[in-house]
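The following exercises concern a pocket and the packing of helices. Each task is followed by a worked solution.

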Amino acid sequence: MTGNGAEATEGTAGTAGSQRAEDAESAESVVAADAEAAVGGSPAPARTGRKGGEWARHWRYAELPGLDLLRARYVRHAFPRHSHDGYVLAAVTGGVERVGLPDGVTDAGHGGIVMINPEVPHTAQAGAPEGWAYSTLYPSEQLVAAIAAETTGLTGTAAFAETLTDDAHAVHLINGVHRAAEKGNALAADSLLRIVVARLLRRHGGTLPVRTPQAAGARTAERARALLESRLTAPPTLEQLAQELGTSPFALLRAFKNAYGMPPHAWLTDARIRRARLLLEAGTAPAETAVAVGFTDQPHLNRHFTRIVGVPPGAYRRGRAGA
C-alpha cells in the first residue's frame, strides 16, 4: 500500500511539474511572438568582412550586460582547442559546423543548437564544403544562474546535459536576440534572451558535478596553471615548470591535459587571448595589448586572436566601443 501510494504521489508531482513547464513555455511563446513582431526581419549584414565569402561580427550590446554576440559564416576558418569562462549557445543557420569536444566530435546542421558549458575545451571547423553560418550567444555564468533560479528547479551550478539538439524555434529565438540588439530594442532583446535560455535549460539542463578531492596529478596541474597565469609574458619551459613543481615533463603534460583538456602551451595561448580581450574591451590599442599579454608583436596577437575568437583584435575592440 505504501509503495503504491508513493508511486502515485511521485507520478502526480511529475505530471504537475510537466504541466507547469508546458504552461510556462506557452506563456513565453506569446511574449516571444510579440517581441519578434517588434523587431521583424533578418539580422543586419555583418560588418567584418573576410576573404572567400567569410564574414563575422563579434560584439556586445550595452543594454545586455553579461552577454557577447557573434554572427558569422566561416568556410576555411578553424577554431583551435580553446574554452570560455561562460556558456556557448550557437544556432546553426546554414551549412554544417563540426565541433570537437572531450568526448568526441559532433556535427550540427541547419536548425541545430550547440550548447557548451564553461571551461569545456572544444574546437570548431566546417563540416561541409560550404562551411557554416551561425548566430551565437555567449551568456555569463551569472546570467545563466539567474535565469535558472527563476525558471527551473535546478540546484547547484546550472549546466547543459547535452551538447546538441535540433530546435528550429530556439534558432529563431536566438536570431531574434541578434535582430533586437542590432535594432537597439533592449526590451525585446532581453525578453528573447531570457526566454531562449530558459527553454534550453528546461529541456536540456542539469547541474555541474560537485568537485571531488583532487588527486596528486590534478593538484600539480592546478599549481602549473597558477604559475603560467602569473607569468603570461615570460613563461618557463616545460622542463623548468616541471622542475619547479617537483615532477617530470611528461607527467606534467599528462596531468595538465587530463585536468584542462589541452597541453600547457595551448592553455597559455588561450589564457593570453582572454587577458587580451579584457584589455581591448577597456580600450587598449591592439599593439599595446600584444606586448602586455606576452605576444611578440601585433601580427602575432592578430594571428592567434583571430583563430580563437573568430574576428581580428581591432574588430573586436570596435564591437565593444559603445558597450
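**Exercise 1.** Determine how the residues lining the second largest pocket divide into nonpolar, polar and charged classes.

*Solution.* The model under study is predicted. Step one is to list the lining: L101, P102, D103, M115, I116, N117, V120, F160, A161, E162 and T163 line the second largest pocket. Step two is to sort these residues by class, with Leu, Pro, Met, Ile, Val, Phe and Ala counted as nonpolar and Asp and Glu as charged. The lining then comprises seven nonpolar, two polar and two charged residues. The space enclosed in this second largest pocket is about 170 Å³.

**Exercise 2.** Classify the packing of helix α3 against α4 from the angle between them, and identify the contact residues.

*Solution.* Helix α3 spans residues 168-182 and packs on α4 at an angle of about 155°, the axes lying 8 Å apart. Angles over 145 degrees count as roughly antiparallel, so α3 is roughly antiparallel to α4. The crossing of α3 past α4 is left-handed. On the α3 side, H169, A170, L173, I174, G176, V177, A180 and A181 make the contact, and on the α4 side A188, A189, L192, L193, I195, V196, R199 and L200 do so. Sorted by class, this contact holds 13 nonpolar, two polar and one charged residues.

**Exercise 3.** Which orientation does α2 adopt relative to α4, and which residues form their contact?

*Solution.* Helix α2 covers residues 141-151 and helix α4 residues 186-204; their axes come within 10 Å and cross at roughly 70°. An angle from 65 to 115 degrees counts as roughly perpendicular, and therefore α2 is roughly perpendicular to α4. Here α2 passes α4 in a right-handed crossing. From α2, the contact draws on L143, V144, I147, A148 and T151, while α4 supplies L193, R194, V197, A198, L201 and R202. The class division is eight nonpolar, one polar and two charged residues.

**Exercise 4.** Establish the relation of helix α5 to helix α8 and the make-up of their contact.

*Solution.* The axes of α5 (residues 216-230) and α8 (residues 264-281) approach within 10 Å, with a crossing angle of roughly 45°. Because this angle falls outside the ranges for roughly parallel, antiparallel and perpendicular, α5 is oblique to α8. The handedness of the crossing of α5 past α8 is right-handed. R225, L228 and E229 of α5 meet P264, W267, L268 and R275 of α8. Classifying these residues gives four nonpolar, no polar and three charged.

Methods:
Residues are numbered from 1 along each chain as its sequence is written. This is a predicted model: local features need pLDDT of at least 70, side-chain atom pairs count only at pLDDT 80 or more; totals for chains, interfaces and linings use all residues. Side-chain values use heavy atoms; hydrogens and water are left out. On a 1 Å grid over the protein atoms alone, a cavity is a set of points where a 1.4 Å probe fits but cannot get out, and a pocket is an open set with protein on both sides within 12 Å along at least five of seven lines; lining residues have an atom within 4 Å of a point. Grid points are joined across faces, edges and corners, and a volume is the space filled by probe spheres set on the points. Axes are lines fitted to C-alpha atoms, for helices over the stretch in contact, and angles run from 0 to 180 degrees between N-to-C directions. Helices (H or I, at least four residues) and strands (E, at least two) are DSSP runs, numbered from the N terminus. Angles under 35 degrees count as roughly parallel, over 145 as roughly antiparallel, 65 to 115 as roughly perpendicular and the rest as oblique. A crossing is left-handed if the near helix is turned anticlockwise from the far one by less than a right angle, and right-handed if clockwise. Contact means heavy atoms within 4.5 Å.
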